[in-house]
Amino acid sequence: MINKDTALSTGLLILRVAIGGFMLIHGYQKLAGFSGLANKFPDPLGIGSQMSLIAAIGAEVGCSLLLILGLGTRLAALPLAFTMIIALFVIHGADPWQRKELAAIFLSVYAAIVFTGPGRFSLDHSLWGKKSSPARSGKSKA
């Protein structure tokens, strides 16, 4: 029988790899089309189209790779969540729900990962041990 910690960590591994892979593909498309997008990419933060594109690619490619590996997981999920907040409320804010639904789904997963951490099957856990794992049923070692 599988214990709760193993089940939770397995679920978090599946979630991290799946959502990280989906966003990695999304970011790679931006990277591959960089020259065509650089001057027309939305600039919601006022830093210029090219810098906005670089920031989006950095989050969507770089942070997705970290998420998949489970390395700096909670920290890596923050730029991804921020990118989805901008997509959901600024870029697609006036669009119908079908257009912004994907950003909302990504955002909810990134928020969950920030709170749960990567689980046992991650580089974070291998490098830093239990403090990177989800809390265990309210028990603390005080």
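## Salt bridges and the largest pocket

Arg99 has a relative accessibility of 53% and therefore counts as exposed, since the class begins over 50%. The model described here is predicted.

Arg99 takes part in a salt bridge with Asp95, in which the closest N and O atoms are 4.0 Å apart. Its partner Asp95 is partly exposed, with 27% relative accessibility. In general, side chains of opposite charge can pair when their charged atoms come close. The count of salt bridges in the model comes to three.

Another of these pairs joins Asp5 and Arg120, with an N to O distance of 3.4 Å. Asp5 belongs to helix α1 (residues 4-32), whereas Arg120 sits in the loop between α5 (97-116) and α6 (123-128), so this salt bridge ties together parts that are 115 residues apart in sequence. Asp5 is buried at 16% relative accessibility, because the limit for that class is under 20%. Arg120, at 25%, is partly exposed.

Lys30 and Glu60 likewise meet through their side chains in a salt bridge, at 3.0 Å from N to O. Lys30 lies in helix α1 and Glu60 in helix α3 (residues 49-69), so parts 30 residues apart in sequence are tied together by the pair. Both Lys30 and Glu60 are buried.

The relative accessibilities stated for residues of the other pairs are set out below.

| Residue | Relative accessibility | Class |
|---|---|---|
| Asp5 | 16% | buried |
| Arg120 | 25% | partly exposed |
| Asp95 | 27% | partly exposed |
| Arg99 | 53% | exposed |

The Lys30 and Glu60 pair also leads to the pocket analysis. Which residues lie nearest the centre of the largest pocket? They are Lys30, Phe41, Glu60, Thr83 and Ala87, out of a lining of 27 residues. Two of these, Lys30 and Glu60, are thus also the partners of a salt bridge. The elements that give two or more residues to this lining are α1, α3, α4 (73-91) and α5. Helix α4 supplies the largest share, namely seven residues.

The space in the largest pocket amounts to about 650 Å³. Sorted by class, the residues of its lining comprise 19 nonpolar, four polar and four charged ones. Lys30 and Glu60, which are among the residues nearest the centre, count as charged, while Phe41 and Ala87 count as nonpolar and Thr83 as polar.

Terms used. Residues are numbered from 1 along each chain as its sequence is written. This is a predicted model: local features need pLDDT of at least 70, side-chain atom pairs count only at pLDDT 80 or more; totals for chains, interfaces and linings use all residues. Side-chain values use heavy atoms; hydrogens and water are left out. Helices (H or I, at least four residues) and strands (E, at least two) are DSSP runs, numbered from the N terminus. Buried means under 20% relative accessible area, exposed over 50%, partly exposed in between (1.4 Å probe, protein chains only). On a 1 Å grid over the protein atoms alone, a cavity is a set of points where a 1.4 Å probe fits but cannot get out, and a pocket is an open set with protein on both sides within 12 Å along at least five of seven lines; lining residues have an atom within 4 Å of a point. Grid points are joined across faces, edges and corners, and a volume is the space filled by probe spheres set on the points.
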